[in-house]
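Morning, everyone. Please have the structure open while I talk.

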Amino acid sequence: MDLNSILTETEQKLAAMGANSEREFAALKTYLFGKSGVLTELMKSLKDLPPDKKPQAGKAINDLRVKLNAMCDEKEKQLHRLAIDAALNADGIDLSIDKPEHAVGCKHPVSVVRKKLTDYFVGNGYIVYDSPEIETDYYNFQALNVPPDHPARDMQDTFFINEGILLRTQTSAGQIRLMEKFKPPIKMICPGRVFRNDDDSTHSPVFHQMEGLVIDKNVTLCDLKGALDSFAKFMFGEQTQVRFRPSYFPFTEPSVEVDVSCFNCGGAGCRVCKNTGWIEILGAGMVNRKVLAGCGIDPDEYRGFAFGMGLDRITMILGEINDIKLLWENDVRFLHMFK
Ligand code: PHE
């Protein structure tokens, strides 16, 4: 048998094969490599050759085997690809079709602000305390020195669930729960959702606060000022000034409203600070002696300060957002503006 003609013949047969030629291909392989196939027959025929021709003829047959093998391997891959294409076409799925790109999400601006504040306070030695959103009247009001029928309740229009059970109106409830559990010295923040029956462009029935509480011996109003001063510089810039205005909260005495100098105009007056040069950011004060005593902490031995700020409010100030609803409509285009 002429080795070259086997090669060309195989070449032609393979070239003629396309999709659905698996059977012919298998038959050709048996014909070439099978037990009584061409190559086996050729090897057998070696024994009839004179001894001096055998090595050369043997090598030629082996070379042919290698070439045929390579050709068949190549064809097998091609047939496999054709089979996959045919299956995909039969499915009617076009994997190359253009599809709209997936919108990639981003952190919510209020989450970014909460994280930034939390990191700051944790870095200054505060623990993070998680307090329930559904509260009793006792923790949300009475233990904070707001007895039933006290006019201070009108400051916070409350959602009641049952008699005595409500959605917390302030994270200040976390102060009481924490003081009942831990002995001073205490340094904690309590971030979380709060709820009030309030609804306009700057108030939402659900919003976020972060409470701060520090209790130790010899804590003074100066410590509160110092703590808020460095916090304000961290949050709004090095040149930020802090000012206290006298205020009233039942659970702090004295109580203050805290303003920072406007980070936008530096105090000259602009639209961010409504031309006042100052922006109100939180309420604070020295923890009322009655509150300490109610939690089993001796007010003659320990003193403390507390502060509470609105995270949505701070986000709105920083992002110059004038409607709180924009934060909760979940329009991804809006959220992406604050990446
Ligand atoms: N809980 C108060 C509020 O929601 C804020 C506050 C917290 C004031 C702690 C003083 C001390 O308005």
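K233 is partly exposed, at 22% relative accessibility. The cut-off for buried is under 20%, so K233 does not count as buried. One word of care: this is a predicted model. K233 forms a salt bridge with D229. The closest N and O atoms of that pair are 3.1 Å apart. Where do D229 and K233 lie? Both are in helix α8, four residues apart, about one turn of the helix. D229 is partly exposed too, with a relative accessibility of 24%.

Now a salt bridge of another kind. R271 pairs with E320, and their closest N and O atoms are 2.7 Å apart. This pair links distant parts of the chain. R271 sits in the loop between β8 and β9. E320 sits in the loop between α10 and α11, 49 residues apart from R271. Is R271 buried or exposed? R271 is exposed, with a relative accessible area of 62%. E320 is partly exposed, at 41%. Salt bridges can also share partners: R243, R245, D259 and E280 are joined into one network that way.

How many salt bridges are there? The count comes to 17. One of them joins K29 and E76, with the closest N and O atoms 3.8 Å apart. K29 lies in helix α2, residues 22–33, and E76 in helix α4, residues 54–91. So this salt bridge ties together parts that are 47 residues apart in sequence. Both ends are partly exposed: K29 has a relative accessible area of 29%, and E76 has 40%.

Let's go inside. The largest nonpolar core has 41 residues. Which members touch the most other members? They are F121, F231, L282, F307 and M309. Several elements supply at least two residues each, among them helix α5, strand β6, strand β9 and helix α10. Helix α8 gives the most, with six residues. That is the helix where we met D229 and K233.

Take F307 from this core. Leave aside its neighbours within four places in sequence. F307 is then in contact with F121, Y126, M210, E211, G212, L224, L228, L282, G283 and A284. Two of the names from before are in there: F121 and L282. Apart from this core lies another one, of 22 residues. Its members include Y129, A143, I215 and F249.

Next, the aromatic rings. Two values describe a pair of rings: the distance of the centres and the angle of the planes. A search of the whole structure finds 11 aromatic pairs. Y120 and F231 form one that is tilted, with 6.0 Å centre to centre and 55 degrees between the planes. Y120 lies in helix α5 and F231 in helix α8, so the pair ties together parts 111 residues apart in sequence. Both residues are buried: Y120 has a relative accessible area of 13%, and F231 has 0%.

Compare Y138 and Y139. Their pair is edge-to-face, with 5.2 Å centre to centre and 85 degrees between the planes. Y138 is partly exposed, at 34% relative accessibility, whereas Y139 is buried, at 14%. Ring pairs also build a cluster: they link Y120, F121, Y126, F231, F234, F305 and F307. F121, F231 and F307 came up earlier, in the largest nonpolar core.

A quick stop at T315, in helix α10. Is T315 buried or exposed? It is buried, at 4% relative accessibility. Not counting residues up to four places away in sequence, T315 touches P109, V110, V113, I321 and L327.

Last, step back to the whole protein. The secondary structure comes to 12 helices and 10 strands. The radius of gyration is 40 Å, well over the 20 Å that the globule rule gives for 339 residues. So the protein is more spread out than a compact globule. The C-alpha atoms fill a box of roughly 120 × 50 × 45 Å, taken along the principal axes. Buried residues make up 41% of the 339 residues. The protein exposes about 19200 Å², and carbon and sulfur atoms supply 54% of that. Finally, take contacts between residues at least 6 apart in sequence: 65% of them join residues at least 24 apart.

Technical notes:
Residues numbered from 1 in each chain as written. Predicted model: local features only at pLDDT ≥ 70, side-chain atom pairs only at ≥ 80, totals over all residues. Heavy atoms only, no water. Core = buried A, V, L, I, M, F, W, Y, C linked by side-chain atoms within 4.5 Å. Buried < 20%, exposed > 50% of the residue type's maximum accessible area, 1.4 Å probe, protein only. Contact = heavy atoms within 4.5 Å. Salt bridge = Lys/Arg side-chain N within 4 Å of Asp/Glu carboxyl O. Rg over C-alpha atoms; globule rule 2.2 N^0.38 Å. Areas by Shrake-Rupley, 256 points an atom, 1.4 Å probe, with all protein chains shown as cover. Phe/Tyr/Trp six-rings, centres within 6.5 Å; stacked < 30°, edge-to-face > 60°.
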